[in-house]
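I opened the notebook to go through one chain. The entries follow the order in which I looked things up.

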Amino acid sequence: MTITANKDNLIWCDMCKLRFGAKHPKGQTPARWIVVSETMERKGVTRSYCQPCSNEIQTLSDGSTWTFRQQLDYALRMEQLDGI
Ligand SMILES: [Zn+2]
């Protein structure tokens, strides 16, 4: 799984889109993070999340939660390095 910071406002959060529908203004929340799955069965599957939704995902007690947070910390560090 890789996470990159998204800067394209035309890429919307998948979870908000599911929740509110793509025609609703809340369903058009720009994604903050792009997550690409790298497991065998889901290779290349891309998910986009805004910050509140990615926070929400991190609070789940499922095993992938910790990995997501680690990846997110990593992405945040990389983004800061990019900004230097
Ligand atoms: Zn969202």
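Leaving aside its neighbours within four places in sequence, which residues is Tyr 49 in contact with? I listed Cys 13, Asp 14 and Met 15, then Ala 31, Arg 32, Trp 33 and Val 35, and last Ser 54 and Ile 57. I note here that the model is predicted.

Entry on the overall layout. I counted three helices and three strands in the protein chain. Reading along the sequence, I wrote down the pattern β-α-β-β-α-α. Among contacts in the protein chain with a separation of 6 or more, 48% are between residues 24 or more positions apart. The protein chain has 84 residues, and buried ones make up 17% of them.

Entry on the sheet. I found an open sheet of three strands in the order β1-β2-β3, with antiparallel pairing. β1 (2-5) and β3 (46-49) are the edge strands, each pairing on one side only. From one strand to the next, I have the twist averaging 20 degrees. Next I went through the pairings. β1 and β2 are antiparallel and pair over four bridges. Across this pairing, Ile 3 stands opposite Val 35 in β2. Strand β2 (residues 33-36) also runs antiparallel to β3, and four bridges join the two. On that side I looked up Ile 34 and found Ser 48 as its bridge partner in β3.

Entry on the faces of β2. Which residues of β2 are on the covered face, and which on the uncovered one? I put Trp 33 and Val 35 on the covered face, and Ile 34 and Val 36 on the uncovered one. In a regular strand the side chains alternate between the two faces of the sheet.

Entry on the core. I looked up the largest nonpolar core and counted nine residues. From the strand β2 I noted Trp 33 and Val 35 as members, the pair I had on its covered face. The other members are Ile 3, Cys 13, Met 15, Cys 16, Ala 31, Tyr 49 and Cys 53. α1 (14-20) and β2 each supply at least two residues of this core. Tyr 49, where I began, is in contact with several fellow members, including Cys 13, Met 15 and Ala 31.

Entry on Pro 52. I located Pro 52 in helix α2 (residues 51-58). Is Pro 52 exposed or partly exposed? I have Pro 52 as partly exposed, because 13 other C-beta atoms lie within 10 Å. I also checked Pro 52 against Cys 16: the two are 36 residues apart in sequence and 9.7 Å apart in space, C-alpha to C-alpha.

Entry on Gln 28. I found Gln 28 in the loop between α1 and β2. Gln 28 has 16 C-beta neighbours inside 10 Å and therefore counts as partly exposed. Leaving aside its neighbours within four places in sequence, I found Gln 28 in contact with Trp 12 and Ala 22. From Gln 28 to Leu 10 I have 18 residues in sequence and 8.4 Å in space, C-alpha to C-alpha.

How values were computed:
Residues numbered from 1 in each chain as written. Predicted model: local features only at pLDDT ≥ 70, side-chain atom pairs only at ≥ 80, totals over all residues. Pairing = 2+ DSSP bridges. Axes fitted to C-alpha atoms, helices over the stretch in contact; angles between N-to-C directions. Core = buried A, V, L, I, M, F, W, Y, C linked by C-beta atoms within 7 Å. Buried ≥ 20, exposed ≤ 12 C-beta atoms within 10 Å, placed from the backbone. Contact = placed C-beta atoms within 7 Å.
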